[in-house]
Amino acid sequence: MKEIRERAYAKLNISLDVLGTRPDGYHEMRMVMLGVSLYDNVTVTLTDGAVRSASNLCFLPEDDKNVACKAARAFFAVTGMENVGAEIKLHKIIPVCAGMGGGSSDAAAVLRALNKLTGAGLSLTQLEEIGAKVGSDVPFCVRLGTQLATGRGEIMERLPEFPDCSVVICKPDFSISTPELFSKIDGNGLKVRPDTAGICAALEQGDLQGITRRMYNVFEDVLPKKYDKIFELKNRLLDLGAMNSVMSGTGSALFGVFDNDDMAEKAKSALRGECRSCFTAKPVRYIED
Ligand code: C5P
């Protein structure tokens, strides 16, 4: 049986702003998002059975509770394909529950793989539309690169490629509940917001300094004290030479941006003792149609 392997790259939030609540219960977002070279391997095979997944992590669901399976079902529904199933193998490297879009990127990789395997010939824009039904971050993960996400996070606008740099990503041992953090934002009028327009202008100029000094995630302002380790690691990244450091999504992963690859590798080695899950990565390019 023919199978296709896709890389599911991680996403990081260069900025994250929450503009308000919506009638559908979601939040109105404005985020500059970046795909980076840390990836899960996603292998998809067409079958005549059910949609199933398996992974190297025993605690991940293997049925429709897994967004990768949801994505396959949504693909078959939209393309009107019946009596067809998929076997999805996930080799997870991206930390789970980290704010790095790991599950969303697996789902997007399944959509790209099924489009090739079935010869459905959908455009990546159509895959983004299917992805939006599966999860708010899935449309970004269809193309990656650098994009501005608005709406509930599913409306994408391409931005210039991110300047060359290295990122050091740290995922502390604890995870943070996404709905819990959103509820804290609701009860707390935000006073400081990221300069999203400034980041977009700096991207136009290829100005890494201009981008990094504006990195900002409003969720950091409402983090309960029990998650102070995030600020400790942020200060460590800055001490080790990061141009700036910020939490990604609703955490608990954070990252620092370095303009020097050696310095980034050294920072990762230095942090390994303090944080078991520590990686270096580079920006990845936007996937064109
Ligand atoms: O869309 P997704 O299933 O990834 O969202 C997970 C949860 O995050 C939602 O159930 C909601 O609590 C919260 N969320 C939100 N506003 C958004 C995106 C996510 O409130 N724009």
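Where is asparagine 66 placed, relative to strand S3 and helix H1? The close-ups below start from that residue, and every one of them shows a predicted model.

**View 1. Asparagine 66, in the loop between strand S3 and helix H1.**
The loop that holds asparagine 66 runs between S3 (51–55) and H1 (67–79). With a relative accessible area of 8%, asparagine 66 is below the 20% cut-off, so this residue counts as buried. Look at its side chain: it reaches the backbone oxygen of proline 61 at 2.9 Å. Proline 61 also appears among the contacts of asparagine 66 once neighbours within four places in sequence are left aside, together with Ser53 and Leu90.

**View 2. The ligand in the largest pocket.**
Here you can step around the ligand residue by residue: Tyr26, His27, Met29, Gly135, Ser136, Arg152, Thr178 and Phe182 surround it. Two elements, strand S2 (27–47) and helix H5 (178–186), each supply at least two residues of this shell. Which atoms of histidine 27 and of the ligand lie 2.7 Å apart? They are a polar side-chain atom of histidine 27 and an oxygen atom of the ligand. Serine 136 also places a polar side-chain atom by a ligand oxygen, at 2.5 Å. For arginine 152, it is a backbone N or O atom that lies 2.9 Å from a nitrogen atom of the ligand. The protein covers 67% of the 450 Å² of accessible area that the ligand has on its own.

**View 3. Serine 136, a residue of the ligand shell.**
Move in on the loop between helix H3 (124–134) and helix H4 (138–143), and you will find serine 136. Is serine 136 buried or exposed? Its relative accessibility is 17%, under the 20% limit, and therefore serine 136 counts as buried. The side chain of serine 136 makes a polar contact of 2.8 Å with the side chain of arginine 152. Not counting residues up to four places away in sequence, serine 136 touches Tyr26, Arg152, Gly153 and Glu154. Of these, Tyr26 and Arg152 are listed among the residues around the ligand too.

**View 4. Helix H3 and its buried residues.**
Which residues are buried in H3? They are Leu124, Leu127, Glu128, Ile130, Gly131, Ala132 and Val134. The helices that these buried residues pack against are H1, H2 and H4.

**View 5. Asparagine 83 and cysteine 97, two residues with positive phi.**
Most residues other than glycine have a negative phi. Asparagine 83 is not a glycine, yet its phi is positive, at about 55°. This residue is found in the loop between H1 and strand S4 (85–91). Its relative accessibility is 73%, above the 50% cut-off, so asparagine 83 counts as exposed. Cysteine 97, also not a glycine, has a positive phi of about 55°. To find cysteine 97, follow the loop between S4 and helix H2 (102–118).

**View 6. A cis peptide bond from glycine 251 to serine 252.**
Most peptide bonds are trans. The bond from glycine 251 to serine 252, however, is cis, with omega near 10°. Serine 252 lies in the loop between strand S9 (244–247) and strand S10 (254–258).

Conventions:
Residues are numbered from 1 along each chain as its sequence is written. This is a predicted model: local features need pLDDT of at least 70, side-chain atom pairs count only at pLDDT 80 or more; totals for chains, interfaces and linings use all residues. Side-chain values use heavy atoms; hydrogens and water are left out. Helices (H or I, at least four residues) and strands (E, at least two) are DSSP runs, numbered from the N terminus. Buried means under 20% relative accessible area, exposed over 50%, partly exposed in between (1.4 Å probe, protein chains only). A polar contact is a pair of N or O atoms within 3.5 Å; within protein, one must be able to donate a hydrogen and the other to accept it, and residues adjacent in sequence count only if both atoms are side-chain atoms. Contact means heavy atoms within 4.5 Å. A residue is near a molecule or strand if one of its heavy atoms lies within 4 Å of it. Accessible areas come from the Shrake-Rupley method with a 1.4 Å probe; for residues, only the protein chains shown count as cover. On a 1 Å grid over the protein atoms alone, a cavity is a set of points where a 1.4 Å probe fits but cannot get out, and a pocket is an open set with protein on both sides within 12 Å along at least five of seven lines; lining residues have an atom within 4 Å of a point. A molecule sits in a cavity or pocket if more than half of its atoms lie within 2 Å of its grid points.
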